[in-house]
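Notebook open, coffee poured. I'm going to page through this one and jot down what I look up as I go.

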Amino acid sequence: MTAVAAPGTARRHASRSWQLAGTGTLLRLAVRRDRVMLPVWVVALGLTVMSTASAFRTLYDTASDRAGLARSTNASGSLRALYGPVLDDAPGGLVAWRMVALGGVLAAVMSVVVVVRHTREEEESGRQELLSSAVVGRRAPLTAALLTALAANALVALLVAAGLAGLGLPGGGALALGLAIGGAGLCFAGVAAVAAQLTESARAAKGIAGAVLGAAFVLRAAGDAARGGASSPLVWVSPVGWGEEVRAFAGNRWWVLLLPGAAAAVTAAAAYVLAGRRDMGAGLLADRPGAAAASRRLAGAYGLAWRLQRGSLLGWALAFAVAGGVFGAITNGAAELVGDNDGTREIFARMGGHQGITEAFLSSIAGVLGMVAALYAVGSVLRLRAEETGGRAEPVLAGAVSRLRWAAGHLVFAFLGTAAVLAAGGLGMGLGYGLAAGDVGGQLPRVLGAVLAQAPAAWVLAGLAVLVFGAVPQVSAGAWGAAGVCLAVGWLGPVLKLPGWVMDLSPFGHLPKLPGAVASAVPFMWLTALAAALTCAGLVALRRRDLG
């Protein structure tokens, strides 16, 4: 006897199948659109891990050198907050110490960009509505985006594992590290999928996912700073900390990999449920309706730019204030480093100068804040490109608003906003360190000045973004690449002992190591002049090209 499904059951199965119709086509489209970006990102991340392994094997070629580095790091809450504890002083253990958190963060950023690009950005631009008029199911775009992120993170894991194994490191540890990095990326692909359902703006979706990533990193840093060898509860609640708890090359706790997998599954399931409860192009957190008449503050280009940029500015400033406070509070732990460890002192000297170890740590954190602030500066500039491609710039320019005035409204936030974000970070770090040291009045001004001194270098990257947007807008995303290179050079260069000419490729390499170093006005003047020249060249190019 042949069983016959109930009509209701058949309809439900057909409905579920229909909602995924066209997934394969959208997946191929996503891969084609990302055929340059994703391979570059995956290969760059894999090569970074492999180059770190090669550098550690060269720089710390004896067991005593590696043991000294591990001992110094684990004795310092400050270094544990930056990189985590060293769980094993073998070459593989040092690679895992240096790269598991950073690699996880980079994989997470990649996943957020991919998922938001193929979900919320498609809806915001109107392309998804056009595609959905064909045979495309409701949940097909989300499925294609998640599959793209899954494939990218799987490739990262495989490349890291194969590369480290090829360098002679234990295969089990290499695979554990690769899966830990890829697992962090996959986890935040689910976070981005949920964020894309909540808001109507791709920029806001990235902001929500970025805020979750930032909170996860701060939790991991605070947990590692509080405890050395033992695991902190704060690390266990942080998706960034799960990769550390895998303990690659130090026991390989495979079961911990279930945590990012489960988190990805739960967030993806939540995104599917939320996707079915909203209209195309809408978000669950709907924008509030505006007033019947526009405020006088929106009458000009600067008022409109403030309305568009204020959320991002306030979010970045709050994040910098919190991060600065956390790192400032743990600065005193830098003095607990083993005094006779030349390797650790050399790392601090290359990052923060040859002054005292506490000042060098403050200087290194100020540099990190400056490099991250450059990402805000680039994003503020590229908001111009988003307004242009979204069709919102043309109505503005159709009135009595020139291109230069329209661009200047956003560039105010790219330049002055960067200084405001750095000021928030400097105030947080100065207060945190001042309270810990019992000298707020003496430490707050010097720490604030050290962080604000990073602004001219960040302005150079903002000026480069203006030039790219004005001259070759089709490759505006390349400005992110320049900022990423500077961040990688500043973060990895001191440990890998990169040559001076490589460090000088970053504008941050030309700044004095404040606080503590002797400051001269010359580098600040040159960097500011370079930023102004790049900006002017970009604005001239913008005036001469067609929009769109």
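Which residues have the most contacts inside the largest nonpolar core? I looked that up before anything else, keeping in mind that this is a predicted model. The core has 126 residues, and L164 and L177 are the ones with the most contacts inside it. I also checked which element gives this core its largest share: helix α6, residues 91-117, with 16 residues.

**Entry: L177.** I listed what L177 touches, leaving out residues up to four places away in sequence. The list reads V49, V95, A96, V100, V160, L164, A248 and F249. So L164, the other residue named for the core, is on it, because heavy atoms within 4.5 Å count as a contact.

**Entry: helix α9.** I took the span of α9, residues 140-166. Its 27 residues reach 38 Å from the first C-alpha to the last, close to the 39 Å expected at 1.5 Å a residue. After α9 comes G168, and I noted its positive phi, near 95 degrees.

**Entry: H118.** H118 is in the loop between α6 and α7. Buried or exposed? I get 7% relative accessibility, so H118 is buried, as that is under 20%. Its contacts, not counting residues up to four places away in sequence, are A30, R33, D34, P141 and A145.

**Entry: aromatic pairs.** I searched the whole structure and got 6 aromatic pairs. One of them is W306 with F413, stacked, with 5.9 Å centre to centre and 20 degrees between the planes. This pair links distant parts of the chain: W306 is in helix α15 (residues 301-329) and F413 in helix α19 (residues 403-437), 107 residues apart. I looked at accessibility for both partners. W306 comes out partly exposed at 36%, whereas F413 is buried at 9%.

Next I pulled up W316 and F320. Their ring centres are 6.1 Å apart and their planes are at 45 degrees, so I wrote the pair down as tilted. Both residues lie in α15, 4 residues apart, which is about one turn of the helix. Why would that spacing put two side chains on one side? An α-helix has 3.6 residues a turn, so residues three or four places apart point the same way. W316 is partly exposed, with 27% relative accessible area, and F320 is buried at 5%. I added Y376 to the note, as W316, F320 and Y376 form one aromatic cluster.

**Entry: charges over rings.** I have two arginines down here. R220 lies over the face of F217, 4.9 Å from the ring centre. R545 has its charged end over the ring of F469, 5.0 Å from the centre.

**Entry: E387.** I wanted to know where this glutamate sits. E387 is in helix α17, residues 357-389, and it is buried, with 5% relative accessible area. What is E387 in contact with, leaving aside its neighbours within four places in sequence? I get L308, R392, A393, W406 and H410.

**Entry: M280.** My last stop was the loop between α14 (258-275) and α15, where M280 lies. M280 is partly exposed at 35% relative accessibility. I paired M280 with R120, 160 residues apart along the chain, and got 9.8 Å between their C-alpha atoms.

Notes
Residues numbered from 1 in each chain as written. Predicted model: local features only at pLDDT ≥ 70, side-chain atom pairs only at ≥ 80, totals over all residues. Heavy atoms only, no water. Helix = DSSP H or I, 4+ residues; strand = E, 2+ residues; numbered from the N terminus. Expected span 1.5 Å × (residues − 1). Phe/Tyr/Trp six-rings, centres within 6.5 Å; stacked < 30°, edge-to-face > 60°. Buried < 20%, exposed > 50% of the residue type's maximum accessible area, 1.4 Å probe, protein only. Lys NZ or Arg CZ within 6 Å of the ring centre and 35° of its normal. Core = buried A, V, L, I, M, F, W, Y, C linked by side-chain atoms within 4.5 Å.
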